[in-house]
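Let's take a walk through this model together, starting with its aromatic rings and moving on to a pair of helices and a single strand residue. Have the viewer open as you read.

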Amino acid sequence: MRVSLHWLKEYVDFTLSAEDLAECLTMVGLEVESIEYQGKKYEKFVVGEVLEIAKHPNADRLSVCKVNTGKEAHQVVCGAPNVAEGQKVAVGLVGAVVPHNQHDPDGKPFALSHVKVRNVDSYGMICSAYELDLGDDRNGIIVLDSNAKPGIPLARYLGREDTVIEVGITPNRPDAMSHIGIAREVAALLGKRIRLPKVKVKKGSVPIKKVLTVVVEDTQRCPRYTARVIRNLQVVPSPGWLQNRLNSIGIRPVNNIVDITNYVLMEIGHPLHAFDYDKVAGQKIVVRLAQQDELFVTLDHKQRSLRSDTLLICDAERPIAVAGVMGGENSEISSSTTAIVIESAYFIPQCIRSSSKAFSLSTDASQRFERGADPNITLWAVDRAASLIQSIAGGEVLKGVIDVYPKKIQPKRITLRPTRVNEVLGTTLNHKEVSALLQKLNIRVAGKARKKVVSSTSYVVPTYRPDITEEIDLVEEVARVYGYNNIDTKTESLIKFYSYAPEWEFADELRNCLIGGGYSEVIVNSMQEKSQARLASDKVVEIANPISKDMGALRTSLIPSMLGVIRHNIFHGVKDLRLFEIGKAYFHDPSIADGTSLQGFVEKERLLLALTGIVEPVSWGRKPRSVDIFDAKGELQVLFNKISLDKIKFIPYSTTDALIDTGLHVEINGQHVGMVGSIRKGLLSMFEIEQDVYIGELTLDPLKMNRLRARTYQLLPKFPPVVRDVAFIVDGAISSEVLESAIRNAGKPLLTSIKLFDIYTGEQIENGKKSCAFSLQFLSETRTLTQEEVDRTMQHVIVQISSTFGATLRQ
């Protein structure tokens with residue numbers, strides 16, 4: 001919000017510089033984002049008087065002017081068709097920066113210098129309204145009042161010597177969205193009293209109720225509606241002081257009536273609206289909800305289709321305004337208007353916010369209503385406007401006021417304990433000091449607590465402070481007025497000696513392992529299209545009010561999101577990827593009620609690994625090899641080893657999964673924890689991916705439960721191992737994993753390691769059979785094994801495998 005310091009000083013006295021004021025306001029939570037010294041914009045611009053005009057000797061459309069700038073006369077070449085002797089004009093002297101260059105398509109500023117125009121010296125420039133940023137007229141120079149004194153600074157003549165600060169108002173502080181609101185803060189900080197304008201309304205003899213009726217059908221959305229009627233007024237341009245005030249804060253003057261409503265809005269922060277009384281059908285105002293798809297043309301000349309929850313201001317026949325947002329074209333103030341209805345209402349924030357968002361209309365009025373206006377200022381605001389209109393536009397204010405306020409909104413009462421203030425702030429304030437600080441903000445002690453010191457006190461909070469709702473809010477107000485700089489900074493250092501090393505977050509441990517293994521982490525949105533969410537499960541959590549179609553549901557698997565990332569990278573030329581994500585999948589299952597989450601809704605934290613492209617960078621010494629399922633399986637095995645997981649099984653299965661083509665179940669201690677496999681070709685085509693992608697998706701909870709927390713070390717062996725190779729011919733249906741487990745059991749306790757190094761089918765192997773070759777390592781921790789001991793163990797292994805699987809040795 002833009003705040004004029006000249007305007008601000010009408011309500012509170014202060015001598016602070018703009019910089020000091022900015023620092024004070026920032027320290028109490030009203031951050032000043034910029035300071036604009038408006039007079040600097042027109043430095044080296046003065047009021048000039050055209051003394052003489054001669055035709056340019058070398059150009060038909062140019063004039064050579066002699067201009068009195070106060071101290072001396074300057075020769076200026078001018079191309080404006082309307083320049084004439086005796087005019088008072090705006091002159092830019094050498095060194096001035098003209099705000100807009102009308103010969104530049106972008107209107108960029110430029111500096112004036114002494115130049116020759118067609119061999120004639122020019123020592124300045126007579127400016128147009130566009131060039132001075134005072135309007136859009138480019139066709140001629142701006143002509144000032146005839147009584148303007150030559151030589152005075154143009155900024156002074158224009159009333160542009162003000163200083164304006166830009167205050168960033170947070171959404172919870174609607175009370176600060178006005179000059180009086182900022183004045184309250186300044187008065188509280190400096191220990192000053194605020195001055196409110198005196199409101200005097202000369203009322204006529206005709207009662208307002210004879211010419212206007214107000215009916216509020218929805219008092220929940222519109223708890224208060226106040227109106228006055230003014231007749232026999234004249235709509236003309238506003239006086240200079242009013243235009244200057246509005247211009248200084250960036251509001252374009254329209255006419256005296258509209259300007260006054262804007263002036264009061266920026267003064268007290270309460271939105272007003274003026275209707276042309278003669279355009280209000282039936283002399284009746286009705287506040288009601290719109291009908292679905294009802295059409296209405298707003299002041300910006302756009303036709304809008306209304307929703308059934310849109311609150312309208314209507315006359316006896318039709319809508320005339322969207323409540324709290326924007327008026328209608330059909331009741332707009334014009335130069336022919338002679339009577340008006342001034343509306344000063346209070347609408348609940350949720351209602352106005354809904355209308356504003358629905359129509360993408362954010363106005364000065366809606367910004368204040370949707371944050372929370374003051375319901376008890378409507379009468380003062382409408383009287384303030386009526387008073388100004390009487391003094392500027394004339395007219396008769398009808399007797400009485402219509403004020404529909406069926407249930408008065410009372411100020412909140414909040415209890416505050418001085419002990420709580422001191423606990424939070426680290427201060428030693430007593431009850432009297434706390435009350436004095438709050439009173440500066442017009443937050444007063446309620447009832448009898450004024451007369452005695454008590455352990456807790458009830459305070460009355462003004463209705464213009466909707467942000468203060470509980471005790472901690474009052475503590476914050478005490479801190480703001482007391483001054484954050486006055487609160488001692490106390491540093492307390494605690495050293496806690498653990499009897500054991502504190503555990504890392506499990507997810508962080510996984511991240512470290514994977515990043516160390518060359519993976520890059522992916523972070524994506526958990527919301528996606530409903531069709532994508534249903535790829536992995538029908539138990540989809542749908543979003544009730546999605547921002548867009550692409551965010552209509554919560555994901556049931558991390559895979560579709562990952563494929564989107566892979567697609568993006570491939571399209572940008574990165575085809576070899578090792579990615580991971582730790583995130584959540586969400587499910588809606590009404591049958592689940594585990595007491596740990598919302599009834600029927602479940603979220604599971606998962607880890608997803610994705611590999612695609614070639615395994616290692618291309619080099620001259622080796623041929624490139626594409627990633628396969630064994631690489632994905634191996635990556636999981638390495639990860640499990642790093643986080644101390646054992647008793648792991650990878651179980652092949654014939655998948656009907658919509659996402660996975662070739663797959664392996666992952667089990668730990670007999671519990672299913674996830675899967676590893678290749679993405680289906682059809683799903684890859686959906687994401688426009690033309691290379692194989694392998695993934696491993698695991699649920700984190702069982703990983704946490706099964707990991708070995710107590711880690712031990714083992715001494716290196718003192719005695720040499722003995723290695724033997726053996727190859728068994730078995731049925732092709734027998735998996736190598738089952739065979740390996742049987743060999744391990746048969747070779748105990750001397751067999752310490754087993755590795756499958758070859759699987760062969762073909763010549764010399766019977767159809768339906770395969771050869772599985774293993775390397776076995778035998779070791780004892782107490783002695784060097786003899787040849788006989790190893791032979792006996794090998795023979796036992798051969799006998800067991802032969803009898804169990806009908807296997808034969810391959811010679």
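Rings of Phe, Tyr and Trp, with the six-membered ring standing for Trp, count as a pair when their centres lie within 6.5 Å. Keep in mind that what you are looking at is a predicted model. By that definition, the structure holds four aromatic pairs.

Start with Trp7 and Tyr263. Their ring centres are 4.6 Å apart and their planes differ by 15°, which makes the pair stacked, because planes under 30 degrees apart count that way. Where do the two partners sit? Trp7 belongs to helix α1 (residues 5–8) and Tyr263 to helix α6 (residues 256–268), so the pair ties together parts that are 256 residues apart in sequence. Both rings belong to buried residues: Trp7 has a relative accessible area of 0%, and Tyr263 has one of 3%. Trp241 joins in here too, forming one aromatic cluster with Trp7 and Tyr263.

Now turn to Tyr42 and Phe45. Here the ring centres are 6.1 Å apart and the planes meet at 80°, so this pair is edge-to-face. Tyr42 is buried, at 2% relative accessible area, and Phe45 is buried as well, at 1%.

Rings can also have a charge for company. The charged end of Lys9 sits over the ring of Phe14, 5.2 Å from its centre. For Arg138, the charged end sits over the ring of Tyr130, at 3.9 Å from the ring centre.

Next, some helix packing. Two packed helices are described by the angle between their axes and the distance between the axes. For helix α11 (residues 431–439) and helix α12 (residues 471–482), the axes come within 9 Å and cross at roughly 80°. That makes α11 roughly perpendicular to α12, because angles of 65 to 115 degrees fall in that class. Which residues make the contact? From α11 come Val434, Leu437 and Leu438, and they meet Leu474, Glu477, Val478, Val481 and Tyr482 of α12. Sorted by type, the residues of this contact are seven nonpolar, no polar and one charged.

Finally, find Leu607 in strand β34 (residues 601–612). Is Leu607 buried or exposed? At 0% relative accessibility, Leu607 counts as buried. Leaving aside neighbours within four places in sequence, Leu607 has contacts that include Leu510, Leu514, Phe580, Ile582, Leu639 and Leu700. Arg511 is 96 residues from Leu607 in sequence, yet their C-alpha atoms are 9.8 Å apart in space.

Notes. Residues are numbered from 1 along each chain as its sequence is written. This is a predicted model: local features need pLDDT of at least 70, side-chain atom pairs count only at pLDDT 80 or more; totals for chains, interfaces and linings use all residues. Side-chain values use heavy atoms; hydrogens and water are left out. Axes are lines fitted to C-alpha atoms, for helices over the stretch in contact, and angles run from 0 to 180 degrees between N-to-C directions. Helices (H or I, at least four residues) and strands (E, at least two) are DSSP runs, numbered from the N terminus. Angles under 35 degrees count as roughly parallel, over 145 as roughly antiparallel, 65 to 115 as roughly perpendicular and the rest as oblique. Contact means heavy atoms within 4.5 Å. Ala, Val, Leu, Ile, Met, Phe, Trp, Tyr, Cys and Pro count as nonpolar, Asp, Glu, Lys and Arg as charged, and the others, Gly among them, as polar. Rings of Phe, Tyr and Trp (its six-membered ring) pair if their centres lie within 6.5 Å; planes under 30 degrees apart count as stacked, over 60 as edge-to-face and the rest as tilted. Buried means under 20% relative accessible area, exposed over 50%, partly exposed in between (1.4 Å probe, protein chains only). A charge sits over a ring if NZ of Lys or CZ of Arg is within 6 Å of the ring centre and within 35 degrees of the ring normal.
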